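Trainee: Got a minute? I'd like to go through this model with you.
Mentor: Sure, put it up and ask away.

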Amino acid sequence: MNGLLLTTQQALQLLFTGDPELWSIVLLSFSVSLKAILLTTPFAFLVSFALSHGKFPGIRIILAIFNSLLSVPTVVIGLFLYVLLTRQGPFGDLRLLFTQTAMIIGQMILCFPTLVALGYAAIQAADRRVWETARTLGAPPWFSMLTVFFEVRFALLAAVLTGFGRIISEIGISMMIGGNIMGYTRNITTAIAMETSKGEFAQGIALGLVLLLLSFLLTALLSYLQGHKEFAA
Amino acid sequence: MNEPLLVFREIEKSFSGSQILCGVDLSLYPGKCILLSGKNGVGKTILLKIIAGLEIPDLAKIEISGKTNSWEKAVRSVRKEIIYLHQHPIMFSSTVESNVAYGLRFASLNRKQRRESVDEALEWAGLTDVAKKQAKTLSGGVQQRVAFTRAWILKPKVLLLDEPMANMDHESREQTYQLLVRMKSAGMSLVITSHFMQYFEGIVDQHFQLKNGALELKSKS
Ligand SMILES: Nc1ncnc2c1ncn2[C@@H]1O[C@H](COP(=O)(O)OP(=O)(O)OP(=O)(O)O)[C@@H](O)[C@H]1O
Ligand SMILES: [Mg+2]
């Protein structure tokens with residue numbers, strides 16, 4: 001008990017004295033996950049829009065596929081990418097294994113179905129008349145699409161936050177294709193796993209607190225946005 | 001009557017096997033008003049949306065100044081001249097003012113001209129007092145007027161109105177009627193669908209009934 005108290009104290013110390021190693025890990029986590037979500041969002045929402053407003057065969061099947069991809073375990077994505085990126089793999093020549101780029105790609109794959117599915121739900125909830133009104137008032141298709149996005153902006157933002165929450169807290173992909181290299185691919189989750197296995201809990205707890213805080217923050221933001229959704233409808 | 005603005009021919013549309021429209025012909029004249037009536041679900045809304053280029057017909061031709069084109073070919077240019085107004089219009093989540101200004105950004109006007117145009121339109125519809133209000137928070141009648149105004153400001157050649165006076169009280173109907181009269185006398189071609197012919201006496205030039213997928217001329221003035 002006393003030990004736990006001591007480590008917690010050490011953890012807080014690390015956090016509040018601005019321990020450079022700790023904060024560089026936090027920064028790296030955010031940098032990788034932010035890039036991943038920002039790169040994925042526009043394309044994902046475009047797909048969501050095509051699925052909700054488009055008229056082509058197979059929409060239901062595509063949606064079913066995306067929905068089933070929502071729950072793919074991260075280690076499976078990690079494994080899949082590892083096989084592709086390993087030296088002997090088909091993309092081995094790119095030398096991407098154990099790089100931040102690989103982590104970003106992996107996290108993009110992870111959040112893509114989430115963004116498409118939640119984006120679809122958001123856009124689907126937008127009234128069909130928004131699109132029709134924009135079009136009939138002379139807006140070109142791309143601008144009409146942005147108009148629809150704007151009408152459901154809170155729900156779309158909620159989708160982005162959910163996706164971000166998913167990738168910043170994942171460990172399977174980061175561990176397998178990031179490789180947990182200090183200062184390069186070590187992020188919050190891989191650092192926690194490693195420190196803990198070494199029996200050094202202080203940094204792990206400190207990083208865990210950052211992650212917890214973030215998740216509380218995201219949840220609070222999400223419920224705030226939920227309130228807005230009702231108003232917008 | 002003089003030269004028609006546009007003539008739609010042989011419009012056909014079916015949904016999963018059931019034929020809604022089979023060979024609808026409709027000529028639109030400047031400054032004239034057409035009333036479309038017909039039972040619920042007969043296809044009035046679909047017809048208007050096809051004319052506006054919002055729904056794709058199975059088949060249709062468009063005649064512009066004597067020349068006949070396929071719908072696919074003509075729809076792009078025709079769409080620019082035609083505005084469709086929903087039975088229950090939807091407001092964009094912004095102020096009345098920016099709702100009214102929405103379509104102007106696609107017209108070649110500078111900032112000052114746009115401003116003047118918006119002010120004039122707001123005045124035209126008696127919306128100046130609510131210009132800064134959030135459009136979604138206004139009553140249905142006022143929203144309808146905002147929808148009219150954001151269409152009117154673009155000066156379309158054809159305006160398609162789907163049940164424009166459903167769920168309106170007497171006063172709103174009166175105001176709307178006045179707006180319609182002014183649109184018509186400004187040379188717009190109006191097509192109105194309604195179950196209530198009596199609301200539109202005095203402005204309707206032709207009355208068609210949509211029945212079994214085709215138009216039947218009921219009266220002509
Ligand atoms: N997207 C669609 N898919 C399948 N059927 C449709 C679709 N849109 C319309 N319909 C059908 O087409 C028919 C015509 O509909 P429409 O809305 O044009 O009728 P309406 O004459 O405007 O009726 P109302 O007087 O109630 O406004 C209806 O039977 C409707 O069920
Ligand atoms: Mg209708």
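Trainee: Let's start small. Which residue in E5(B) does Glu63(B) stand opposite?
Mentor: That's Thr68(B). Keep in mind that we're looking at a predicted model.

Trainee: And how do E4(B) and E5(B) pair?
Mentor: In the antiparallel sense, over 4 bridges. E4 of chain B covers residues 59-64.

Trainee: OK, zooming out: what order do the strands of that sheet in chain B come in?
Mentor: The order is E2-E1-E4-E5, so to speak from one side to the other. It's an open sheet of 4 strands with antiparallel pairing.

Trainee: Which strands stand at the edges?
Mentor: E2 (18-28) and E5 (67-70) of chain B. Each has a single partner strand, so one side of each has no neighbour in the sheet.

Trainee: How many degrees does the twist average from one strand to the next?
Mentor: It averages 15 degrees.

Trainee: Now the helices. Where does H1 of chain B lie?
Mentor: H1(B), residues 44-52, lies across E1 (6-15) and E2 of chain B. Relative to E1(B), the helix runs at about 125 degrees.

Trainee: And which strands does H2 of chain B touch?
Mentor: H2(B), residues 71-81, packs on the sheet and touches E1, E4 and E5 of chain B. Its direction makes about 55 degrees with that of E4(B).

Trainee: What pLDDT does chain B average?
Mentor: The average is 92, and 100% of the residues in chain B score at least 70. For the model, ipTM is 0.94 and pTM is 0.92.

Trainee: Switching to the interface, then. How many residues does the contact take from each chain?
Mentor: There are 20 residues from chain A and 22 residues from chain B. Between them, about 1800 Å² is buried, with carbon and sulfur atoms giving 59% of that area.

Trainee: How many salt bridges are there across the interface of chain A and chain B?
Mentor: The rule finds 3. One salt bridge joins the side chains of Lys55(A) and Glu55(B), at 3.9 Å from N to O.

Trainee: What about polar contacts between the two chains, how many residue pairs?
Mentor: The count is 7 residue pairs, with both residues at pLDDT 80 or more.

Trainee: Last one: which helix gives the most to the side of chain A that touches chain B?
Mentor: H6(A), with 7 residues. H6 (128-136) and H7 (141-151) of chain A each supply at least two residues of that side.

Technical notes. Residues are numbered from 1 along each chain as its sequence is written. Chains are lettered from A and ligands numbered from 1 in the order in which they are written. Side-chain values use heavy atoms; hydrogens and water are left out. Two strands pair if DSSP finds at least two bridges between them. Axes are lines fitted to C-alpha atoms, for helices over the stretch in contact, and angles run from 0 to 180 degrees between N-to-C directions. Contact means heavy atoms within 4.5 Å. pLDDT is the predictor's confidence in each residue, from 0 to 100. Buried area is the accessible area (1.4 Å probe) that two parts lose on being put together, summed over both. A salt bridge is a side-chain nitrogen of Lys or Arg within 4 Å of a carboxyl oxygen of Asp or Glu. A polar contact is a pair of N or O atoms within 3.5 Å; within protein, one must be able to donate a hydrogen and the other to accept it, and residues adjacent in sequence count only if both atoms are side-chain atoms.
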